[in-house]
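User: Please give me a close look at the side-chain contacts of a single helix. After that, set the ring contacts and any related surface patch beside it.

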Amino acid sequence: MADYSSMEPKFDFAKNEFAMSSGQFIMISGKDLLMQKIEKVIRTEFGRYKIYEDADYGIPLESVIIGKALPRNYVKSEIERLISEAILKLDGVISVNSFEVIQDGALLTVSFYVNSEFGNIHEEGISIGV
């Protein structure tokens, strides 16, 4: 069982900053922390950041999908595979399934379910630029 009892600052991905209230970081743990870790690994480009250079962390969208003229079915399949592989490396995750990938030009919106030690988590509407 993963240890999600420790507290970490909540990150607001829409604003690209840590969430604060009354000048203090909002702290999260448990299911909320796992959900944040899921979104963070999806939004992190594999191999881009020095802090992760020795870790198998992130998704290689730039080298696999971004900027390439690929069939939509292939893109959808690769997005599902890359996301699943990255999330399954996180402690506490059992499986990833029920993907929905909607492409609108160069923007993909991805939704899926994660079966975790906290039960099912529905990750909905994560946007990825391709």
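Analyst: **Charged side chains in helix α3**

R81 and E78 both lie in helix α3, three residues apart, about one turn of the helix. The model is a predicted one, in which local features need pLDDT of at least 70 and side-chain atom pairs count only at pLDDT 80 or more, while totals for chains, interfaces and linings use all residues. Residues are numbered from 1 along each chain as its sequence is written, and side-chain values use heavy atoms, with hydrogens and water left out. Helices (H or I, at least four residues) and strands (E, at least two) are DSSP runs, numbered from the N terminus.

The side chains of R81 and E78 form a salt bridge with an N to O distance of 2.7 Å. The term covers a side-chain nitrogen of Lys or Arg within 4 Å of a carboxyl oxygen of Asp or Glu. The two partners fall into separate accessibility classes: buried is under 20% relative accessible area, exposed is over 50%, and partly exposed is in between (1.4 Å probe, protein chains only). E78 counts as buried because its relative accessibility is 10%, whereas R81, at 34%, is partly exposed.

R81 also meets E85 in a salt bridge, 3.1 Å from N to O. E85 and R81 are four residues apart in helix α3, so about one helical turn separates them. With a relative accessible area of 40%, E85 is partly exposed. E78, R81 and E85 are thus linked in a network of salt bridges.

K76 and E80 form another salt bridge, and their closest N and O atoms are 2.6 Å apart. Both lie in helix α3, which spans residues 72-88, with a spacing of four residues, about one turn of the helix. K76 is partly exposed, its relative accessible area being 32%. Over the whole structure, the search finds six salt bridges.

**Rings and the nonpolar patch**

Turning to the ring contacts, a search of the whole structure finds four aromatic pairs. Rings of Phe, Tyr and Trp (its six-membered ring) pair if their centres lie within 6.5 Å; planes under 30 degrees apart count as stacked, over 60 as edge-to-face and the rest as tilted. F11 and F18 make an edge-to-face pair, 5.1 Å centre to centre with 85° between the planes. F18 also pairs edge-to-face with F25, at 5.7 Å centre to centre and 80° between the planes. Ring pairs join F11, F13, F18 and F25 into a cluster.

Within this cluster, F11 is buried at 19% relative accessible area, while F18 is partly exposed at 42%. F25, in strand β5 (residues 24-25), is partly exposed at 45%.

F18 and F25 also belong to a nonpolar surface patch with M7, M20 and M27, and the five have about 500 Å² of accessible area together. Patches take residues with over 30% relative accessible area and no salt bridge, joining like charges within 9 Å and nonpolar side chains (Val, Leu, Ile, Met, Phe, Trp, Tyr) within 5 Å. Accessible areas come from the Shrake-Rupley method with a 1.4 Å probe, and for residues only the protein chains shown count as cover.
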